[in-house]
Each structure stands twice: as structure tokens, then as C-alpha cells.
Amino acid sequence: MIKYLKTILFAINPKNRKNLSEQQREIALYVIFGVLTTVISFVSYFLFRLILPESVISATALPVAFSWICAVTFAYITNKIWVFKSKQENISGVIREFFGFYVARLFTLSVDLAAMFLLVDLAGLKGGWHELLARVLVSVAVLVLNYILSKVFIFKK
């Protein structure tokens, strides 16, 4: 993990980018854009909370759904163009990539939900540091799974 953190910090400086291997560049950009995707998710969530009316069921359901769509769309665009440098240009190929990306993200969302349910609700890691640690571990696992799915199935070369 420290090795990847050093690679990311090294990659932030534009003068150093030419010294990175292709895999290091890809991983560094994936993490950098992942952080930006998270920022977009948080900001858009709160914007949607401000502008959308509360439903009978939940004040957060629509903002969560719309912020997820914004974040995944941003992730798709950045992953396609800068991280994996997809050369897919015909419309049917781009549509296939786009929907494949969304299906993969829906799958990892379900993994995220299931893992948190198992760790927090069933295993009893509710509250405090235990729940935070569970959230961090699940987030890292989802990040890795998203990368693998994107690399192997969505933006394969």
C-alpha cells in the first residue's frame, strides 16, 4: 500500500510522469480519479439534498441515487479517456463499454452493500472504530474489484 501511495504522490508532479511505467501510471491515475469521483459523489449528494424534495419514504434515497449516477458517469469518462486509454470509437462499442461499466459498478455496489451488512449488521461491528475499519476495508476491496473489472472486462485492449 505504501508503494502505491508513493507512486501516486510521485505521479502528481507532472515532471515525474514520464518516469512511470505504464502500469504505475494507470494505477496512479485510477486512484487520483477515484478520489475525484468520491468528491463528486459527496458534493452532488449534498446538492441534490438541497434541491430535491423529500419523499414519503426517504430524504436521502433520490440524492444517493443521483449522486451515484453522477459519480459513475464521471468515473466512466475519466477511466475511458485517461486511465485505460480506450480506443473504442464506434458507437456500438462505446455503448457496450458504457453499459458494461455501469453493470460492473452495480455489481460492486451490491458487493459493498452485502459486505457492510455482513460485517456491521450480522457480525456486530456497529459504531465507532470497528465500523469505520469495516467501511475502509470494504471500500478498498471494492476499489480493487472495480479496477480489475474495468481492466479485464470493460476496457480490455
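1. Buried, in this note, means under 20% relative accessible area. Tyr-76, at 5%, is therefore a buried residue. Keep in mind that the model is a predicted one.

2. Staying with Tyr-76: its ring pairs edge-to-face with that of Phe-98, with the centres 5.2 Å apart and the planes at 90 degrees. Helix H3 holds Tyr-76 and helix H4 (residues 91-122) holds Phe-98, so this contact joins parts of the chain that are 22 residues apart. Phe-98 has a relative accessibility of 28% and counts as partly exposed.

3. That pair belongs to a wider picture. The structure has 15 aromatic pairs. Another of them is Phe-48 with Phe-66, a tilted pair at 5.4 Å between centres and 55 degrees between planes. Here too distant parts of the chain are linked: Phe-48 sits in helix H2 (residues 22-51) and Phe-66 in helix H3 (residues 61-83), 18 residues apart. Phe-48 is buried at 19% relative accessibility, while Phe-66 is partly exposed at 34%.

4. One aromatic cluster is worth pulling up in your viewer. Its members include Tyr-30, Trp-68, Tyr-76, Phe-84, Phe-98 and Tyr-147. Phe-99, Phe-101, Tyr-102 and Phe-155 are also in the cluster.

5. Now the nonpolar cores. The largest has 15 residues, and Tyr-30, Val-83, Phe-84, Phe-101, Tyr-147, Ile-154 and Phe-155 have the most contacts inside it. Helices H2, H3, H4 and H5 each put in at least two residues, with H3 giving the largest share, four residues. A second, separate core has five residues, among them Val-120, Ala-134, Val-138 and Val-142.

6. What does Tyr-30 touch, leaving aside its neighbours within four places in sequence? The list runs to Asn-79, Val-83, Phe-84, Arg-105, Leu-143, Asn-146 and Tyr-147. Tyr-30 also turns up in the aromatic cluster and among the residues with the most contacts in the largest core.

7. On to charges: the salt bridge count is six. One of these joins Arg-25 and Glu-22, with 2.6 Å between the closest N and O atoms. The two residues are three places apart in helix H2, which means about one helical turn between them. Arg-25 is buried at 14% relative accessible area, whereas Glu-22 is partly exposed at 43%.

8. A salt bridge with a much wider sequence gap runs between the side chains of Glu-26 and Lys-151, at 3.0 Å from N to O. Glu-26 is in helix H2 and Lys-151 in helix H5, 125 residues apart. Glu-26 has a relative accessible area of 3%, so it counts as buried; Lys-151, at 37%, is partly exposed.

9. Arg-135 and Asp-112 form another salt bridge through their side chains, 2.6 Å from N to O. Because Arg-135 lies in helix H5 and Asp-112 in helix H4, the pair ties together parts 23 residues apart in sequence. As for cover, Arg-135 is partly exposed at 31% relative accessibility and Asp-112 is buried at 14%.

10. Last, have a look at the outside. Trp-129, Leu-132, Val-136, Val-140, Val-144, Ile-148, Val-152 and Phe-153 make up a nonpolar surface patch, together offering about 780 Å² of accessible area. Phe-153 belongs to helix H5 (residues 128-154). Is Phe-153 buried or exposed? Phe-153 is exposed, because its relative accessibility is 54% and the cut-off for exposed is over 50%.

Note on methods:
Residues numbered from 1 in each chain as written. Predicted model: local features only at pLDDT ≥ 70, side-chain atom pairs only at ≥ 80, totals over all residues. Heavy atoms only, no water. Patch = residues over 30% accessible without salt bridge, like charges linked within 9 Å, V, L, I, M, F, W, Y side chains within 5 Å. Areas by Shrake-Rupley, 256 points an atom, 1.4 Å probe, with all protein chains shown as cover. Salt bridge = Lys/Arg side-chain N within 4 Å of Asp/Glu carboxyl O. Buried < 20%, exposed > 50% of the residue type's maximum accessible area, 1.4 Å probe, protein only. Phe/Tyr/Trp six-rings, centres within 6.5 Å; stacked < 30°, edge-to-face > 60°. Core = buried A, V, L, I, M, F, W, Y, C linked by side-chain atoms within 4.5 Å. Contact = heavy atoms within 4.5 Å.
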